[in-house]
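The following paragraphs lead the reader through one protein model, from its overall architecture to a few individual residues. The reader is invited to keep the structure in view while reading.

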Amino acid sequence: MSCTTPTDKNDSHSIRDDYIHLGVDQSGASHVYRTSDETIFAIEADGTRSYRFDVSEMGHRAADDYVAHVGDARGWADCRYGFDAFLDRLTEAV
């Protein structure tokens, strides 16, 4: 009789998505958080990457600070990250 583990070798134990869509700002750029290396990218409407932000150097609230900065600098057309965005989606559902 052989013993085998019931888990797949390729099974991921990560509880976070690899990419988190933060939202689209007023100028049409999408902001994406890549959790595998703790970076945030701003991708313009034409597909070019205009900005790269390293979250790992800034601490645990860096993504929240980034979202707040974009809100102040460019404004959000559709923010999908953070507590305020969660409340907005919750009120839309009700």
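**The sheet and its surroundings**

The five strands are arranged as an open sheet in the order 4-3-2-1-5, and their pairing is antiparallel. Strand 4 (49-54) and strand 5 (76-79) occupy the edges; each has a single partner strand, so one side of each remains without a neighbour in the sheet. From one strand to the next, the twist averages 20°. As general background, the strands of a sheet pair through backbone hydrogen bonds, in either a parallel or an antiparallel manner.

The model described here is a predicted one. Its protein chain contains two helices and five strands, and read from the N terminus these elements follow one another as β-β-β-β-α-β-α. Of the 94 residues in the chain, 26% are buried. The chain exposes about 7000 Å², and carbon and sulfur atoms supply 51% of that area. Where contacts join residues at least 6 apart in sequence, 30% of them link residues at least 24 apart.

The individual pairings may now be taken in turn. Strand 1 is joined to strand 2 by five bridges, and the two run antiparallel. One position in this pairing is tyrosine 19, whose bridge partner in strand 2 is arginine 34. Strand 1 and strand 2 form a hairpin with four residues between them. Within the turn of this hairpin, glycine 28 has a positive phi of about 95°. Strand 1 is also joined to strand 5, by three bridges and again in the antiparallel sense. Here valine 24 stands opposite aspartate 78 of strand 5. Towards the other edge, strand 3 and strand 4 pair in the antiparallel sense over five bridges.

Helix 1 (residues 62-73) lies across strand 1 (19-25), strand 2, strand 3, strand 4 and strand 5. Its direction makes an angle of about 150° with strand 5.

**From the loop into strand 3**

What is notable about the backbone at glutamate 38, a residue other than glycine? Its phi is near 55°, a positive value. In general, most residues other than glycine have a negative phi. Glutamate 38 is placed in the loop between strand 2 (30-34) and strand 3 (39-43).

The next residue to consider is threonine 39, which is found in strand 3. Is threonine 39 buried or exposed? Its relative accessibility is 0%, and therefore threonine 39 counts as buried, the cut-off for this class being under 20%. The side chain of threonine 39 makes a polar contact of 2.7 Å with the side chain of aspartate 37. In strand 4, aspartate 54 is the bridge partner of threonine 39. Apart from its neighbours within four places in sequence, threonine 39 is in contact with Val32, Tyr33, Arg34, Arg52, Phe53, Asp54 and Val55.

**An aromatic cluster between strand 4 and helix 1**

Phe53, one of the residues in contact with threonine 39, also belongs to an aromatic cluster that it forms with Tyr51 and Tyr66. The chain has two aromatic pairs, where ring centres must lie within 6.5 Å to count.

In one pair, the ring centres of tyrosine 51 and tyrosine 66 are 6.4 Å apart and the ring planes stand at 20°, so the pair is stacked, as planes under 30 degrees apart are classed. This pair links distant parts of the chain, for tyrosine 51 lies in strand 4 and tyrosine 66 in helix 1, 15 residues apart. Tyrosine 51 counts as partly exposed because its relative accessibility is 41%, whereas tyrosine 66 counts as buried because its value is 5%.

In the other pair, the rings of phenylalanine 53 and tyrosine 66 have centres 5.3 Å apart and planes at 35°, so the pair is tilted. Since phenylalanine 53 lies in strand 4 and tyrosine 66 in helix 1, the pair ties together parts of the chain that are 13 residues apart in sequence. Phenylalanine 53 has a relative accessibility of 16% and therefore counts as buried. Tyrosine 66 thus takes part in the stacked pair with tyrosine 51 and in the tilted pair with phenylalanine 53.

Note on methods. Residues are numbered from 1 along each chain as its sequence is written. This is a predicted model: local features need pLDDT of at least 70, side-chain atom pairs count only at pLDDT 80 or more; totals for chains, interfaces and linings use all residues. Side-chain values use heavy atoms; hydrogens and water are left out. Buried means under 20% relative accessible area, exposed over 50%, partly exposed in between (1.4 Å probe, protein chains only). Contact means heavy atoms within 4.5 Å. Accessible areas come from the Shrake-Rupley method with a 1.4 Å probe; for residues, only the protein chains shown count as cover. A polar contact is a pair of N or O atoms within 3.5 Å; within protein, one must be able to donate a hydrogen and the other to accept it, and residues adjacent in sequence count only if both atoms are side-chain atoms. Two strands pair if DSSP finds at least two bridges between them. Axes are lines fitted to C-alpha atoms, for helices over the stretch in contact, and angles run from 0 to 180 degrees between N-to-C directions. Rings of Phe, Tyr and Trp (its six-membered ring) pair if their centres lie within 6.5 Å; planes under 30 degrees apart count as stacked, over 60 as edge-to-face and the rest as tilted.
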